[in-house]
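Here are a few exercises to work through with the model open beside you. Try each one before reading on to its solution.

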Amino acid sequence: MRLSRRGLLRAGLAGSAATALGGLASGCAVPTGSTGRNMVLWYWDGGLGDTVVKNAKARYGADVALQAVKIGGYYRSKLLTTMTGRARIPDIAGLKGEDMASYLPNADQFVDLRTLGADGYRDRYLSWKWDQGIADDGTMVGFPIDCGPVAHFYQYEVFRKAGLPYEPGDVSAGLDTWEKFFAAGEQLKKRIPGTCLLSDVNAVFENVVTQGSARYVDRHRHFIGDQDHVRRAWALAVEAKRRGIVSDLVSGTPDQLSALQDGKLPSQLNASWATNDIKTGVPRTKGRWRVAQMPVRPSNNGGSFLSITKECREPEQAFRIITWMLDPANQAQGFVDAGLFPSTPESYGLKTLRAPDPFFGGQVTMDVFGPAARKIAVAYNSPFDVALGQPLKDEIRNVGVLGKNPDQAWKDAMSKCRRIAEHLGVSV
C-alpha cells in the first residue's frame with residue numbers, strides 16, 4: 001500500500017505566510033525566462049495532466065519551444081527562492097491553491113491577466129474559484145486549473161451490513177446533517193465492533209470551517225479564529241471524539257491505509273482528488289466504494305492556478321498557451337490523467353467524465369462532485385490564514401489522537417494564535 005500523494009500536504013503549510021514574497025528585490029539581474037522562442041513552465045508532479053502538457057508542446061511548437069519542468073520537493077520554497085534571486089524565473093508558474101493567498105499581496109511580481117483579456121473567459125469557470133486568483137486591488141494573478149470539492153466516500157457493503165443507508169442518493173439524503181452523520185457513526189460502531197466512521201477529528205473540524213464563508217483572518221487583517229464559526233467547528237470535532245466515531249489514526253499512514261483496506265475505516269470526507277489516492281493506496285478495495293454528498297453542504301480542499309511572471313518576455317503567447325491548456329476539454333483530460341477536478345462546469349457533461357467507474361461500483365462520480373463544485377461557499381482567503389489556522393488544527397489533533405483536554409487545547413491554540421498574530425501584525 002502506498003502513502004497518499006497528499007499525505008504530507010499539511011507539513012508544508014505550517015510556515016509563516018508572511019515570508020511568502022515579501023521583500024523581493026527589484027534588482028537588475030538579467031532574467032533567464034523566455035527569449036521569444038524559448039518559454040519555461042514550472043509545475044509539480046500531478047499539477048497538470050501529462051497529456052495536456054504534451055499536446056501543448058506540439059500545438060505551439062512552431063512558435064515556441066515550451067520547456068515544461070516538474071519541480072520536486074517543496075515547490076513553493078523553490079519558486080520563491082528563484083523569484084527572490086531574480087534569475088532563472090519561469091515564464092509560466094503553477095501556484096498551489098493552498099498557497100495562493102500568500103502570493104496575492106505581491107501581485108506586482110506577476111502579469112495582471114486581465115490586461116491579456118482574461119475577463120473574457122470568466123463565465124466559463126466556477127466564480128468562487130476564479131475569484132481566489134484575484135488580489136484585493138483587482139489584479140488577476142492566477143488562472144484556475146482545478147478545484148477539490150469534498151464529498152463522502154464510503155464502503156457500500158459495510159454500510160449495508162450496519163443497517164445504514166447504502167445507495168449514494170440515500171446516504172446523501174439520510175446523512176445530510178452533522179447530527180445524522182454522527183448518529184450513523186454510532187450505529188456503525190455498535191453493529192460492527194472495531195469500526196470508526198472517520199480517521200480523525202480534523203476531518204470534522206477542517207471541513208466545517210471550509211463549509212462556511214469565513215476562515216481565520218478577515219479582509220481588515222483581524223484575527224477571527226476565535227469567533228463562532230470556528231468555535232462551532234471545534235465543538236463538532238470534540239463531539240465526534242466524545243461519541244467515539246473517529247479513530248486515533250493519522251491520515252495517510254500505513255496503519256490508516258490498512259484500516260481502510262480491512263473495512264475498519266469504511267468512510268471518509270475527502271476531496272475529489274482522493275479518488276486516485278484510494279485507488280493507488282488500497283487497490284484491493286476496488287468495487288467496494290461509493291460517493292455521496294457530505295453533510296450540510298460541500299467544502300473545497302485543494303485546487304491550483306497558472307500564472308505568468310513579470311519576467312516573461314512574451315506574455316500574450318504565454319496567455320494563449322494557458323487558456324488552451326485550461327479550457328473545458330483539456331481540464332477533462334487533466335481529470336483523466338491526474339485526478340484534477342475541472343474548474344470549468346462545461347467539462348462535467350463531457351463524455352470523458354461520464355463513464356461509470358468500476359472502482360466505485362460503476363457509479364458516475366461526476367454526478368456527486370459536479371453539483372458539489374457549484375455549491376462551494378465564497379470565502380475570503382487571507383495570506384495569514386495558514387499560519388493562524390495551524391495552531392487550531394494542531395491542537396484539535398492533540399484532542400483526537402492524544403486525548404488532550406479540549407478546553408486546555410483551545411486555550412493553548414488561542415495563546416499560540418495571539419503570539420503569531422502579534423508577530424505578523426494581525427490584530428486580535
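**Exercise 1. Find where Ser272 sits along the chain, and decide whether the residue is buried or exposed.**

Start with the sequence position: Ser272 falls in the loop that links strand 7 (267-271) to helix 11 (274-281). Keep in mind that this is a predicted model. Next, check the accessibility. Ser272 has 0% relative accessibility, and the cut-off for buried is under 20%, so Ser272 counts as buried. Finally, look at what surrounds this residue. Setting aside neighbours within four places in sequence, Ser272 touches Cys147, Gly148, Pro149, Phe341 and Phe369.

**Exercise 2. Work out how the overall size of the chain compares with the globule rule.**

First, take stock of the elements: the protein chain has 16 helices and 10 strands. Then compare radii. The chain's radius of gyration is 22 Å, close to the 22 Å that the globule rule gives for 428 residues, so the chain is as compact as a globular protein of that length. For the outline, the C-alpha atoms fill a box of roughly 65 × 50 × 35 Å along the principal axes.

Now go inside. Of the 428 residues, 57% count as buried. Take the contacts between residues at least 6 apart in sequence: 78% of them join residues at least 24 apart. As for the outside, the chain exposes about 17,900 Å², with carbon and sulfur atoms supplying 49% of that area.

**Exercise 3. Say which parts of the chain the salt bridge between Lys70 and Asp45 ties together.**

Begin with the distance: the closest N and O atoms of Lys70 and Asp45 are 3.2 Å apart, and the cut-off for a salt bridge is 4 Å. Then place the partners. Lys70 belongs to strand 2 (residues 65-70), while Asp45 is in the loop between strand 1 (38-43) and helix 1 (50-60), so the pair ties together parts 25 residues apart in sequence. Last, check the exposure. Lys70 is partly exposed at 39% relative accessible area, whereas Asp45, at 60%, counts as exposed.

**Exercise 4. What is the N to O distance in the Asp112 and Arg114 salt bridge, and in the Arg160 and Glu157 one?**

For Asp112 and Arg114, the N to O distance is 2.7 Å. Asp112 is buried, with a relative accessible area of 14%, but Arg114 is partly exposed at 36%.

For Arg160 and Glu157, the side chains meet at 2.7 Å, N to O. Both residues lie in helix 5 (residues 156-161), 3 residues apart, which is about one turn of the helix. Arg160 is partly exposed at 43% relative accessibility, and Glu157 is partly exposed with 43% as well.

To widen the view, note that salt bridges with shared partners join Glu179, Glu186, Glu239, Arg242 and Arg243 into one network. The full count comes to 19 salt bridges.

**Exercise 5. Explain why helix 8 is described as largely enclosed, and find what packs against this helix.**

Count the buried residues first. In helix 8 (residues 202-211), 10 of the 10 residues are buried, so the helix is largely enclosed by the rest of the structure. Among them are Phe205, Glu206 and Gln211. Then trace the surroundings: the buried residues of helix 8 pack against strand 6 (150-155), helix 7 (178-191), helix 9 (228-242), strand 7 and helix 15 (385-402).

Definitions and conventions:
Residues are numbered from 1 along each chain as its sequence is written. This is a predicted model: local features need pLDDT of at least 70, side-chain atom pairs count only at pLDDT 80 or more; totals for chains, interfaces and linings use all residues. Side-chain values use heavy atoms; hydrogens and water are left out. Helices (H or I, at least four residues) and strands (E, at least two) are DSSP runs, numbered from the N terminus. The radius of gyration is taken over C-alpha atoms; the globule rule is 2.2 Å times the number of residues to the power 0.38. Buried means under 20% relative accessible area, exposed over 50%, partly exposed in between (1.4 Å probe, protein chains only). Contact means heavy atoms within 4.5 Å. Accessible areas come from the Shrake-Rupley method with a 1.4 Å probe; for residues, only the protein chains shown count as cover.
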